[in-house]
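Visitor: Could you take me through one part of this protein in detail, namely the second largest pocket and what surrounds it?

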Amino acid sequence: MSWIQRYHLRLYFHNSIWILPALSIPVALVTVSQLTRYERAVGSHINISTETARAIMSMVAASTFTLVVLVASAVLVAVQLASAQLTPRVIALVYRNPYRKVAFSIFVLTFTFAVGVLVRIEDTVPRLAGSCSRLWVSLQPRAFHHVHRQHGKDAASELGGALGWLSWT
């Protein structure tokens with residue numbers, strides 16, 4: 001592979017928003033599979049009814065999917081506004097934001113993990129997988145906060161700074 005191909009590949013990975021969320025799906029599925037396999041081998045489970053656990057996990061999955069759609073729609077609207085009213089170079093700044101990529105990945109991972117746990121609830125409720133679901137759900141508000149604010153800067157000032165920088169290039 002030549003240096004120009006490596007450069008284009010690295011630039012593509014750096015500018016695309018979908019790679020981390022796409023990678024988080026198999027990570028969540030493998031993690032749920034391994035955790036539930038381990039829990040069945042050890043015999044670990046929570047002493048709550050399976051219907052309660054199914055209701056909780058379906059609520060987690062539904063609310064997380066709503067969050068995924070909200071973030072994806074906000075990114076789409078930002079790209080449409082930037083491409084219609086501003087220079088096309090601003091579009092790369094929307095997709096390049098690492099906080100947005102990680103937050104979107106956490107949302108997709110949480111949704112996939114919750115659905116994976118929901119499918120694996122049979123006659124007992126897995127303890128470790130439920131605890132991991134709580135962990136991923138607890139990270140969501142912080143990740144959602146970083147979608148809109150990064151280190152004390154809000155999205156408008158970030159876009160304004162980017163436009164100021166682009167006017168000098």
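Guide: What follows starts with the whole chain and then turns to the pocket and to one residue of its lining. This is a predicted model, in which local features need pLDDT of at least 70 and side-chain atom pairs count only at pLDDT 80 or more, while totals for chains, interfaces and linings use all residues. Residues are numbered from 1 along each chain as its sequence is written, and side-chain values use heavy atoms, with hydrogens and water left out.

The protein holds 7 helices and 2 strands, where helices (H or I, at least four residues) and strands (E, at least two) are DSSP runs numbered from the N terminus, and their order along the sequence is α-α-α-α-α-α-β-β-α. Of its 169 residues, 33% count as buried, that is, under 20% relative accessible area, with exposed meaning over 50% and partly exposed in between (1.4 Å probe, protein chains only). Among contacts (heavy atoms within 4.5 Å) with a separation of 6 or more, 84% join residues 24 or more positions apart.

The second largest pocket encloses about 190 Å³ of space, and the elements that give two or more residues to its lining are α3 (50-85) and α6 (127-148). A pocket here is an open set of points, on a 1 Å grid over the protein atoms alone, where a 1.4 Å probe fits, with protein on both sides within 12 Å along at least five of seven lines, and lining residues have an atom within 4 Å of a point; grid points are joined across faces, edges and corners, and the volume is the space filled by probe spheres set on the points. The lining comprises 13 residues, of which Ile 56, Met 57, Gly 130, Ser 133 and Arg 134 lie nearest the centre of the pocket.

Ser 133, which is found in helix α6, deserves a closer look. Ser 133 counts as buried because its relative accessible area is 5%. Leaving aside neighbours within four places in sequence, Ser 133 is in contact with Met 57, Phe 113 and Val 117, and Met 57 is also among the residues nearest the centre of the pocket. The C-alpha atoms of Ser 133 and Leu 109 are separated by 9.8 Å, with the two residues 24 apart along the chain.
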